[in-house]
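This report walks through one protein model, part by part. Please keep the sequence and the structure in view while reading.

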Amino acid sequence: MLKIYNTLSGKKEIFKPIEEGKVGMYVCGNTVYDFCHIGHARAMISFDVISRFIRHLGYELNYVRNITDVDDKIIKRAEENNESTQALTERMIAAQREDELRLGNKMPDREPKATEFMQEIIDMVQTLIDKGFAYQGSSGDVYYRATAFKEYGKLNNRKLEDMLAGARIDVETAKEHPADFVLWKQAKGGEVAWPSPWGLGRPGWHIECSAMSTNCLGSHFDIHGGGPDLKFPHHENEIAQSEAATGKEYVNYWMHCGAVRVNNEKMSKSLGNFFTVRDVLEKYNAEVIRYLMVSSQYRSPIDYSDQSLNEAKVGLERLYTALRQQSVAKSYQATAYTQRFEEAMSDDFNTPVAVSVLFELVRELNKAKTDAPAKAEALAAELKDLAALLGLLNQEPEFFLQNSTLSDGLDEKAIQVLIDERTQARKDKNFARSDEIRDELAAQGIELLDSREGTTWTRN
């Protein structure tokens, strides 16, 4: 029985889909003006794992994640780069997909772009105006009338006046109330713009997701997800817009993943602790990053550091080592490990407990290798299938163990030359040279493992 922590209610709830056997899930994607950072990776991996397990339970999932391809940041960055907004966003979308594939994510079923839904956005704004929930201010911009939506603040469990208390509010005479937010912005000179009943302009950020989600999944759908910084104001405003426009409940379950901190500090370019996915992939195998993300439950914060990545690397190496030179059964009878893994994942996608089950399975697998080879093969197959639900153990064990940390040192060919020389030295009983080569490789982070089948190696 799947339980999901619902931000709206503040508690775990038994998941009941609107339509039996089917699930609609919308996740707020990136504003594509720069390369993805590790905070983006957290959300991408979290909802990829969630989508995998929902499908594993037998649901027909429609996973939609939007792309914001028109925004103040995009316009500013395009101007700085002396390129069009379209050229910038297309380049960043391609880079994002490349990063995601390297991280082992499966792509959402649909990735709508804001610029593809301009008419739907305009129609929703007009509906809000017609219903009295929006108005055109003296500036020409169209605003949402926050005071008209009586449940404003329900996602964050705060009243409108409490959210404004003590806050710094800029004076803007075009708005009726400080909490009102923009739905449609009048175009400024040279900016990308679309014709509308209120003049040339472009949408505000919040209305884009309301229009895209309801058009892709319907006025009422099952799950809406995103990062921790989106609860307010973005998701609060989405609820207000969508429910006012449609007259229906918007979403049943709201899910938010935890933040990524760097050495216990908020990630920030000004602090010099800002890392893109590409930065990290220059040093670590992509599955190490993924393992770090799933080693914490999706709602928990993650502390990113070299130490945490190295600990993730060691943990993942233990799993891969169990599969090294191990035959894998083509079919097997699921054991209690599968049941316990599924129980953990059904408890609000508790990946840390699920990972601990994998390690228990590995201990039994290692014991069975000598005395019960057929059992070991079955356990290896079960291990791979369960790990795949987390997006792990997709590489050949030998390849991963030799590439878990990327290095500017010896390449594979040079390492193999030294191993071959050491093998010959041992045959010649030149043990001094054999030990010398081992020490030379160890000094460069290469650990040799001797067995009856020969010598293998891993990079520390």
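Gly39 is placed in helix α1; helices (H or I, at least four residues) and strands (E, at least two) are DSSP runs, numbered from the N terminus. The C-alpha atom of Gly39 is separated by 6.8 Å from that of Ala259, although the two residues are 220 residues apart along the chain. With its neighbours within four places in sequence left aside, Gly39 is in contact with Val260 and Met267, contact meaning heavy atoms within 4.5 Å.

The model is a predicted one, in which local features need pLDDT of at least 70 and side-chain atom pairs count only at pLDDT 80 or more, while totals for chains, interfaces and linings use all residues. Residues are numbered from 1 along each chain as its sequence is written, and side-chain values use heavy atoms, with hydrogens and water left out.

**Overall form**

The protein has 16 helices and 15 strands. Its C-alpha trace spans about 90 × 50 × 40 Å along the principal axes. Of its 460 residues, 50% count as buried; buried means under 20% relative accessible area, exposed over 50%, and partly exposed in between (1.4 Å probe, protein chains only). Taking contacts between residues at least 6 apart in sequence, 75% join residues at least 24 apart.

**Cores and the packing of α9 on α10**

In soluble globular proteins, nonpolar side chains tend to be buried together. A nonpolar core is here a set of buried Ala, Val, Leu, Ile, Met, Phe, Trp, Tyr and Cys residues joined through side-chain atoms within 4.5 Å. The largest such core has 74 residues, and Ile223, Leu316, Phe341, Phe349 and Leu393 have the most contacts inside it. Helix α1 supplies the largest share of this core, ten residues. A second, separate core has 43 residues, among them Val70, Met163, Cys216 and Val251.

Leu316 is in contact with Glu287, Val288, Tyr291, Leu392, Leu393 and Phe400, leaving aside its neighbours within four places in sequence.

How are helices α9 and α10 packed, in angle and axis distance? Helix α9 (residues 286-294) meets helix α10 (residues 306-323) at an angle of about 105°, and their axes are 8 Å apart. Axes are lines fitted to C-alpha atoms, for helices over the stretch in contact, and angles run from 0 to 180 degrees between N-to-C directions. The two helices are therefore roughly perpendicular to each other, the term used for angles of 65 to 115 degrees (under 35 is roughly parallel, over 145 roughly antiparallel, and the rest oblique). On the α9 side the contact includes Val288 and Tyr291, and on the α10 side it includes Leu316 and Leu319.

**Helix α11 and the loop before it**

In helix α11 (residues 336-346), the buried residues are Tyr337, Thr338, Phe341, Ala344, Met345 and Ser346. They pack against β1 (3-6), α1 (38-56), α12 (351-371) and α13 (373-388). At the start of α11, the backbone nitrogen of Tyr337 has a side-chain oxygen of Thr335 within 3.1 Å. Asp348, which follows α11, has a positive phi, near 55°.

The loop between α10 and α11 holds Gln326, which is buried at a relative accessible area of 15%. Not counting residues up to four places away in sequence, Gln326 touches Leu365, Lys369, Ala376, Glu377 and Ala380.

**Arg202**

Arg202 belongs to strand β8 (residues 201-203). Is this residue, Arg202, buried or exposed? Arg202 is buried, with a relative accessible area of 5%. Its side chain and that of Asp72 are joined by a polar contact of 2.5 Å. A polar contact is a pair of N or O atoms within 3.5 Å; within protein, one must be able to donate a hydrogen and the other to accept it, and residues adjacent in sequence count only if both atoms are side-chain atoms. Among the other residues in contact with Arg202 are Trp184, Glu191 and Trp194.

**Backbone details**

Two residues that are not glycines have a positive phi.

| Residue | Phi | Loop | Relative accessibility |
|---|---|---|---|
| Asn82 | about 55° | between α2 (72-81) and α3 (85-102) | 74%, exposed |
| Lys429 | about 60° | between α15 (412-427) and α16 (431-443) | 63%, exposed |

The peptide bond from Phe232 to Pro233 is cis, with omega near 5°. Pro233 is in helix α7 (residues 231-246).
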